[in-house]
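Here are my notes for someone opening this structure for the first time. Please read them with the coordinates on screen.

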Amino acid sequence: MDKRILLLAAAGLLAVPAHAADKITLGFMSTLSGPNAIIGTEIRDGMQLAVEQLGGKIGGLPARVIVEDDQQKADVARQLAEKFVQSDKVDAAIGFSFSNLMLAVYKPLVDAKTVTISSNPGPSQLAGKDCSPYFFSTSWQGDNWAEGMGAYLQKKGLQNIYLIAPNYAAGKDVIAGLKRFYKGSVAAEVYTPLTQLDFSAELSQIKSSNASAVFAFYPGGLGVQFVKQYAQAGLKDKFPLYSAYTVDESTLPAIGDDALGLIVATSWAPDLDNATNKKFVSGFEKKYGRVPAPYAVHAYDTIMLLDTAVKAVNGKIEDKPAFLAALRKAQFESPRGAFKLNTNQFPIQTFYQGEVKKGADGKPRIVIQDKALENYGDAYAQTCSMK
Amino acid sequence: MSATLLLEQCLNGMQLGIMLFLMSAGLTLVFGIMNLVNLAHGSFYMAGAYLGAFVYASSQSFLLGVVAGLGGALLIGLIAEFLIFRRIYKGDHLDHVLVTFGLTLIFNDLARLIWGPAALFARVPPFLSGQVNIFGLISYPAYRLAIIVVGLAVAALLYVLLRHTRLGMLIRASASNRTMASALGVNVVVLYALVFALGAGLAGLAGLMAGPIFTVIPGMGDNVLILAFVVIVVGGLGSVEGAFCAALVIGLIDTLGRSFMKPLFGLFLERAAADNSAPAIASMLIYILMAIILFFRPQGLFPPKSR
Amino acid sequence: MTKERIALAMVVVLALLPLLFAAMGESYYLTVATRMMIFGIAALSLDLILGFGGLISLGHAVYLGIGGYAVGILDFYGISNGFVQLGVATLASAGAALFIGAVSLRTSGVFFLMITLAFSQMVYFLAISINSFGGDDGLTLNAHSDLGLNFGNTQVFYYFVLACLAFFLWLSFRIVRSRFGMLLRGMKFNESRMIAIGFPTFRYKLTAFVISGAICGFAGALLANQTLFVSPSIMQWSRSGDLLVMVIAGGMGTIVGPVIGAIMFLLLEKVLASFTTYWGALLGMVLIALVLMGKTGLLGGMAKGGRPHG
């Protein structure tokens with residue numbers, strides 16, 4: 001059933017080195033079908049680009065990546081995790097697009113001592129009290145961008161901000177993350193039903209409020225709706241819109257000019273000036289014909305993290321303690337700059353404040369303006385037992 | 001809460017209601033006349049949104065976009081009717097559920113195959129992008145006002161069509177007694193195809209107008225479809241007038257519930273409790289309403305007269 | 001072969017399956033088969049009201065959710081006793097079915113279909129909004145239900161689920177063969193006649209609805225035990241659609257057909273998904289072909305009488 005082997009350098013199979021493993025098998029899962037396939041697709045594409053740029057080898061070992069679709073169902077994801085462990089005997093499980101599915105597969109994977117690397121979800125439990133030496137993240141802790149925005153707003157000295165987010169766990173976490181750094185006053189804190197299509201009621205409320213600015217968190221398709229309706233309601237000039245996780249390179253084309261002037265928090269942008277990023281962005285655009293989103297960066301870094309660690313142990317990945325230690329210590333150049341992990345094995349990175357501006361091609365894009373939080377990990381690392 | 005805010009929220013509610021009505025009109029007609037449960041109705045809505053946005057963006061002509069969205073949905077409806085639906089009218093509701101559930105899966109994947117998993121750009125035409133001042137009281141997005149106007153016009157046209165034309169008479173005749181109508185020489189096959197295409201076109205129009213304010217994304221019709229079902233069940237299956245009333249009621253209740261539930265709860269609950277429970281109740285409000293209405297009136301508010 | 005014989009043969013085959021998997025060295029298939037059996041139980045429960053009562057419910061997944069969350073919430077509060085967990089899951093689902101049924105059985109046909117959908121949406125939104133139990137992120141279980149059996153062992157859990165399946169098959173056959181089952185079928189064909197004879201049809205239908213909900217809730221508790229995780233997506237409306245498809249594809253009103261339907265459906269989904277991410281479209285085509293070619297399910301011919309007309 002696992003015919004979807006992506007890359008199999010056949011030559012590597014024949015050579016039998018004495019000590020090092022002869023290949024590395026990766027189990028990749030993300031949501032690739034159904035209405036919410038966009039993040040999963042970005043992650044898969046970023047991962048495939050990295051494997052391709054490394055010539056099909058990770059740390060010198062021929063790589064075999066088994067790509068699976070979790071269908072955005074927890075029970076399917078859980079089964080894939082078991083398949084990776086029992087049937088495919090993978091050396092690492094990678095990918096993951098939604099936090100509820102990440103939580104569903106977390107226990108079976110780490111209990112089976114499988115190296116697990118998340119390219120997107122970073123729930124607070126996994127960064128804090130439930131952290132594991134087998135779990136790594138190349139993305140972020142879920143509050144990070146909101147914390148970056150909070151720090152920026154605090155620095156700017158804004159007051160009386162209107163906070164709005166969907167009514168679910170991540171919505172509350174993001175608002176809490178913002179408040180961790182933003183100490184100013186709050187005009188109102190509004191949570192909207194998760195599947196709401198139309199924000200007209202909330203926008204009218206904002207219009208009649210005395211807030212000085214609005215902070216919004218609306219991921220994915222919700223962000224497209226919210227930002228467009230916000231602009232149409234004529235609120236953009238009166239109430240500057242600050243956001244986190246609401247617009248990214250995957251949704252900007254759908255929002256268009258309505259996003260111009262939006263202030264966002266981010267850890268990466270296509271024009272971030274470093275050699276790795278140039279190679280990544282141009283490679284991605286050439287291969288897929290579109291601008292990559294941050295999720296693709298994280299997936300790219302997942303492969304680079306593995307590459308660095310496998311090299312460090314000279315391909316002896318079956319020596320688990322050494323491999324884990326190498327992953328933990330790994331440092332390499334990411335499109336985001338120097339990559340490094342914190343004690344809880346989540347990245348330490350810099351968060352920026354950016355603005356959506358018209359690019360040279362006339363299309364809106366996120367342009368980094370200022371550092372908001374430098375070399376920051378997350379708020380939960382101290383509650384993680386790994387020090 | 002000020003009077004202007006209340007007025008504005010009522011407009012918002014009306015606009016949502018109008019969108020729901022356009023979605024439900026076809027659904028309820030098709031049910032009333034062909035006795036067909038169509039879970040794939042949301043696909044016509046999606047087709048209208050995708051085709052409208054895509055053609056508008058590539059041709060730079062809003063008019064062409066409208067024609068493509070509306071005509072495309074109509075045409076897809078006609079083709080689907082010819083290939084599939086006319087074969088299952090005689091089947092039972094289970095057949096309908098199975099086939100149309102399958103069709104939804106196909107259409108969603110088709111949209112993803114053609115336009116990719118990311119959302120598609122759909123913009124408001126420049127001449128509708130500003131704000132309109134209403135009675136010097138509130139400024140309201142021109143586009144949303146246009147949706148209300150178009151929706152009301154379509155509702156009026158539909159009323160005239162159904163009540164005062166020969167075609168409408170035939171449609172009503174077939175709705176109240178299919179066998180008798182066909183015995184009297186009504187070409188039921190053509191009539192069915194027409195009604196079906198009309199419903200698909202209306203859903204396409206709703207999708208077309210929804211594009212610039214919602215997200216044009218695979219599966220976008222599914223959420224709206226469930227709301228449309230609530231509308232037609234509350235309104236009384238098969239009744240277009242009922243669907244119109246129910247759509248407005250549901251649009252208003254949903255919008256007002258979302259905006260005034262929290263201050264209302266705040267009157268007798270602690271702030272934290274109100275903050276927590278209000279959005280949860282608001283998201284369930286219309287389903288609760290539906291359950292209550294069906295409990296007291298199992299046939300909906302305005303059931304069509306005898307069949 | 002009678003339906004009971006088919007059921008017996010199926011249980012025997014399922015009992016021998018682990019030996020085959022062991023010989024193949026694929027213990028992972030065991031968990032796949034376990035999930036299929038759990039959905040088999042859920043589909044069987046739907047058949048009780050759909051195939052015998054003629055009630056088209058488009059919200060049956062809600063009981064999977066209630067059963068699953070019952071286990072999850074008890075576990076959250078540290079109650080791991082399996083008898084309590086499975087008992088509460090079954091009773092809570094039965095209670096929910098009693099309430100939902102009391103309202104929705106006043107209607108019929110499409111109204112019934114819609115109102116069951118509405119109720120499942122309500123519970124779905126409720127589960128998303130309640131943050132204490134994880135909201136949208138779901139709830140991770142600390143441990144399996146403690147019945148004195150080691151559910152962590154896939155073989156043990158497999159045989160436990162198989163035993164449950166066998167029990168519910170037996171129970172369902174008993175129910176539909178009983179006077180109660182006869183009445184139910186009688187109502188499906190001509191309710192007014194049954195009323196005229198003097199049967200309180202509403203009460204009978206409600207009883208069937210509650211039994212069905214309870215069994216489905218039990219399946220939900222099993223599912224929670226298998227994934228050690230529950231989230232609102234367990235009761236998405238498309239899941240209810242899947243359940244309907246399983247019952248119809250397997251053959252309504254045959255008890256054992258829906259179980260086979262569930263197995264075939266999940267198998268097909270898995271095979272198609274391994275070829276393409278557009279498996280949904282392929283599945284859709286299969287569904288349409290199934291109806292257009294006039295097949296009434298794998299074991300459809302075995303059901304006595306016709307199908308309900310709503």
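1. Start with a term. A residue counts as buried when its relative accessible area is under 20%, and as exposed when that area is over 50%. By that rule, 66% of the 387 residues of chain A are buried. Keep in mind throughout that this is a predicted model.

2. Overall form of chain A. The chain has 13 helices and 15 strands. Along the principal axes, its C-alpha atoms fill a box of roughly 70 × 45 × 35 Å. The radius of gyration is 21 Å, which agrees with the value near 21 Å for a compact globule of 387 residues. Take the contacts between residues at least 6 apart in sequence: 72% of them join residues at least 24 apart.

3. A:T350 and its surroundings. Which strand holds A:T350? The residue is found in β14, residues 349–358 of chain A. A:T350 counts as buried because its relative accessibility, 14%, falls under the 20% limit. Leaving aside residues up to four places away in sequence, A:T350 touches A:T266, A:S267, A:K371, A:L373, A:E374 and A:N375. One of these, A:K371, is 21 residues away along the chain, yet the two C-alpha atoms are separated by 7.1 Å.

4. A:N375, a partner of A:T350. The side chain of A:T350 reaches the backbone nitrogen of A:N375 at 3.4 Å. A:N375 lies in strand β15, residues 364–376. Is A:N375 buried or exposed? A:N375 is exposed, because its relative accessible area of 57% is over the 50% limit. Its backbone deserves a look too: phi is positive, about 40 degrees, although A:N375 is not a glycine.

5. A second positive phi, in chain C. C:I255 is not a glycine either, and its phi is about 65 degrees. This residue sits in the loop between α10 (237–250) and α11 (256–275) of chain C. C:I255 counts as buried because its relative accessibility is 1%, under the 20% limit.

6. Chain A against chain B: extent. The contact takes 38 residues from chain A and 36 residues from chain B. About 3000 Å² is buried between these chains, and carbon and sulfur atoms give 51% of it. On the chain A side, A:L197, A:D198 and A:Q232 lose the most area to chain B. Together they account for 20% of what that side buries.

7. Chain A against chain B: polar links. How many salt bridges cross this interface? The rule finds three. One salt bridge joins A:K207 to B:E8, with the closest N and O atoms 3.2 Å apart. There are also 22 residue pairs in polar contact across the interface, counting pairs with both residues at pLDDT 80 or more. Several elements of chain A give two or more residues to this side: α2 (38–53), β8 (186–192), α8 (200–207), α9 (221–232) and α10 (252–255). By class, the side of chain A that touches chain B has 15 nonpolar, 17 polar and six charged residues.

8. Chain C against chain B: extent. Here 45 residues of chain C are in contact with 39 residues of chain B. The buried area is about 3900 Å², and carbon and sulfur atoms give 80% of it. In chain C, the residues that lose the most area to chain B are C:F111, C:W237 and C:Y278. These three make up 17% of what that side buries.

9. Chain C against chain B: make-up. The count of salt bridges between these chains is zero. Four residue pairs are in polar contact, both residues being at pLDDT 80 or more. On the chain C side, the elements giving two or more residues are α4 (82–104), α5 (109–129), α10 and α12 (279–292). Which of them gives the largest share? It is α5 of chain C, with 13 residues. By class, this side has 32 nonpolar, ten polar and three charged residues.

10. Where to look. For the interface of chains A and B, begin at the salt bridge between A:K207 and B:E8. For chains C and B, begin at α5 of chain C, the source of the largest share of that side. Within chain A, begin at A:T350, whose side chain reaches the backbone nitrogen of A:N375.

Notes:
Residues numbered from 1 in each chain as written. Chains lettered and ligands numbered in written order. Heavy atoms only, no water. Helix = DSSP H or I, 4+ residues; strand = E, 2+ residues; numbered from the N terminus. Buried < 20%, exposed > 50% of the residue type's maximum accessible area, 1.4 Å probe, protein only. Contact = heavy atoms within 4.5 Å. Buried area = accessible area lost by both parts, 1.4 Å probe. Salt bridge = Lys/Arg side-chain N within 4 Å of Asp/Glu carboxyl O. Polar contact = N/O pair within 3.5 Å; in protein donor to acceptor, adjacent residues only side chain to side chain. Nonpolar A, V, L, I, M, F, W, Y, C, P; charged D, E, K, R; others polar. Rg over C-alpha atoms; globule rule 2.2 N^0.38 Å.
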